[in-house]
Amino acid sequence: MRPVPVLAEIAWDDLLEVLWVGALAGVGVAIAFAFLVRGVIQVGAARREGRPGAVLPNAALAAVSGAVCLAAVIFAVYEMVTG
Amino acid sequence: MASDLLLVIVVVAALAFDFTNGFHDTANVVATSISTRALPPRLAIAIAAVLNFVGAFLSLKVAATIAGGIVDSGSITLQVVFAGLVGAISWNMLTWWLGLPSSSSHALIGGVVGAMLVAHGTGAINGEGLLGKVLIPGLVAPVLAFGVAGVAILCIYRIVGRQRPGPTTRGFRLGQIASGSLLALAHGTNDAQKTMGIITLALVAHGSLNGASPDVPFWVVIASASAIALGTYSGGWRIIRTMGSKIIKMDAAQGFAAQGSGAAVILAATHVGFPLSTTHVISGGVVGAGAAKRLSAVKWGVAGNMAVAWVLTIPAAGLTGGVAYGISHLAGGGTRGPIAVCVVIALLVAFLLRSRRVRTPPPIAEGAAS
């Protein structure tokens, strides 16, 4: 085994990509999904409690959050297949 | 003719390893979904098996790293590949028996490196590849998953903390079906490729493929995907218990955060061709999701046992791979070597089973007890 200059042989670009993509995707999708759950629960509560004004913004929050989650998953699989 | 027979033995051993990989690592994919009751056990395992199969077709970058980035593929022989597989399978079986979620990937890499060291010395090991593509990413990824799962669960609690618990739990259980599926896909993508890489190495050693730029044949992809999916469907319940409830008792949101962070890190690593340990990553996610809520929620003794198994994996599999190569070499190489190794393993297993029977005291008869 040839002596390895440790820092020089690490694939820094790849490692950094894993760090920022993993962090962004992991935390981002969790936040988006939490807003989806919150939006759906709030829509149900607004309907039960007769607050029609609260239905639309919460439904919009749930829809946008759901779309973000779905887009993230599709993008991840697309990148795996084509990258 | 003899080398063809040896190739068949090596390919069968590689697929057996792939089966144990799926069997051993099923826990990574399904344990959190089962423990939070997001999915019934059989359905969770069936979904994981199907998605492991599909995931194996998504990418070949990790296979390329295994086939050419860690050892000198020009010096590899079928005996070395076989001995490496013996090391990996032995370690997988031992840790499965103990219920420890150790890394099949590191066992495989350790086994091949150990056998290669004994066969050709240090010059045949690609130190740069081993360090830069296996060891450093292998250290960084579980820490990343730990941090990501911790931050994710804190954000989740902040966003849904004041909502009614029933619907929130139901929502995250549904989310776990998606995050668990993505994790199964990521696992199939990263782990099945390691076997593809090993079979490709064997084909290079046999002379069936060009060592300079070996392409993974399609039959290798199909066979590896099938073996890991079958192994996953067989399930490893001992490790599922450790992952699902012995480290922390999780709620559905924690399960979602752990699986989501694990899938994100594994998919990102697979994209750049790092052969990560999926076991280490998802374990990091599980511990991170638990520790962020309450440090004392994590059973640190169990986590410590797992950490010891992680540290031992590469040296232990390497040692076993090296010993297996030594036995194979002493037996005269060719097809006789692997057959001699199989005989030694069979004798060892018989000895262990016999010693277990001797040590187990006979049941006390009702009359004799009084």
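Helices here are DSSP runs of H or I with at least four residues, numbered from the N terminus. From the N terminus on, chain B runs α-α-α-α-α-α-α-α-α-α-α-α-α-α. That makes 14 helices and zero strands. The model is a predicted one.

## Chain B as a whole

The radius of gyration of chain B is 21 Å, close to the 21 Å that the globule rule gives for 370 residues, so chain B is as compact as a globular protein of that length. Along the principal axes, the C-alpha atoms of chain B fill a box of roughly 70 × 70 × 30 Å. Of the 370 residues, 61% count as buried. Contacts reach across the sequence: among those between residues at least 6 apart in chain B, 89% join residues at least 24 apart.

## Chain A

Chain A has three helices and zero strands. Their order from the N terminus is α-α-α. Of its 83 residues, 25% count as buried. Among contacts in chain A with a separation of 6 or more, 53% come from residues 24 or more positions apart.

Confidence varies along this chain. The mean pLDDT of chain A is 87, and 87% of its residues reach 70 or more. Among its elements, helix α1(A), residues 6–9, has the lowest mean pLDDT, 60. Helix α2(A), residues 12–48, has the highest, 94. Where pLDDT is low, predicted coordinates should not be read in detail.

## Three helices by length

The table sets the end-to-end reach of three helices, C-alpha to C-alpha, beside the span expected at 1.5 Å a residue.

| Helix | Residues | Reach | Expected |
|---|---|---|---|
| α7(B) | 42 residues | 60 Å | 62 Å |
| α8(B) | 17 residues | 25 Å | 24 Å |
| α2(A) | 37 residues | 54 Å | 54 Å |

For α8(B), the expected and actual spans agree. In α7(B), the reach is close to the expected value. The reach of α2(A) is likewise close to its expected value.

Glycines with positive phi follow two of these helices. Gly207(B) comes just after α7(B), with a phi of about 95°. Gly50(A) follows α2(A), with a phi near 65°.

## Inside chain B

Helix α7(B) is largely enclosed by the rest of the structure, because 32 of its 42 residues are buried. Gln193(B) lies in this helix. Is Gln193(B) buried or exposed? Gln193(B) has 32 C-beta neighbours inside 10 Å; the cut-off for buried is 20 or more, so Gln193(B) counts as buried. Leaving aside neighbours within four places in sequence, Gln193(B) is in contact with Ser59(B), Leu60(B), Val62(B) and Ala63(B). Lys293(B) lies elsewhere: Gln193(B) and Lys293(B) are 100 residues apart in sequence and 35 Å apart in space, C-alpha to C-alpha.

Helix α8(B) spans residues 218–234. Its buried residues include Val220(B), Ala223(B), Ala227(B), Ile228(B) and Gly231(B). Ser224(B) and Thr232(B) are buried there too.

The largest nonpolar core has 133 residues. Those with the most contacts inside the core are Val10(B), Ala14(B), Val81(B), Leu85(B), Ala202(B), Ala257(B) and Val265(B). Helix α1(B) gives the largest share of this core, 16 residues. What does Leu85(B) touch beyond its neighbours within four places in sequence? Its contacts are Ala13(B), Ala14(B), Phe17(B), Gly111(B) and Ile198(B).

## A loop residue

Arg37(B) sits in the loop between α1 (2–35) and α2 (41–55) of chain B. Its phi is near 65°, a positive value in a residue other than glycine. Most residues other than glycine have a negative phi. With 13 C-beta neighbours inside 10 Å, Arg37(B) counts as partly exposed.

## Where the chains meet

The contact between the chains takes 43 residues from chain B and 35 residues from chain A. On the side of chain B that touches chain A, the elements giving two or more residues are α6 (127–160), α7 (165–206) and α10 (252–271) of chain B. Which of these elements gives the most? That is α6(B), with 16 residues. By class, this side of chain B has 26 nonpolar, 14 polar and three charged residues.

Conventions: Residues numbered from 1 in each chain as written. Chains lettered and ligands numbered in written order. Predicted model: local features only at pLDDT ≥ 70, side-chain atom pairs only at ≥ 80, totals over all residues. Contact = placed C-beta atoms within 7 Å. Nonpolar A, V, L, I, M, F, W, Y, C, P; charged D, E, K, R; others polar. Buried ≥ 20, exposed ≤ 12 C-beta atoms within 10 Å, placed from the backbone. Expected span 1.5 Å × (residues − 1). Core = buried A, V, L, I, M, F, W, Y, C linked by C-beta atoms within 7 Å. Rg over C-alpha atoms; globule rule 2.2 N^0.38 Å. pLDDT = per-residue confidence, 0-100.
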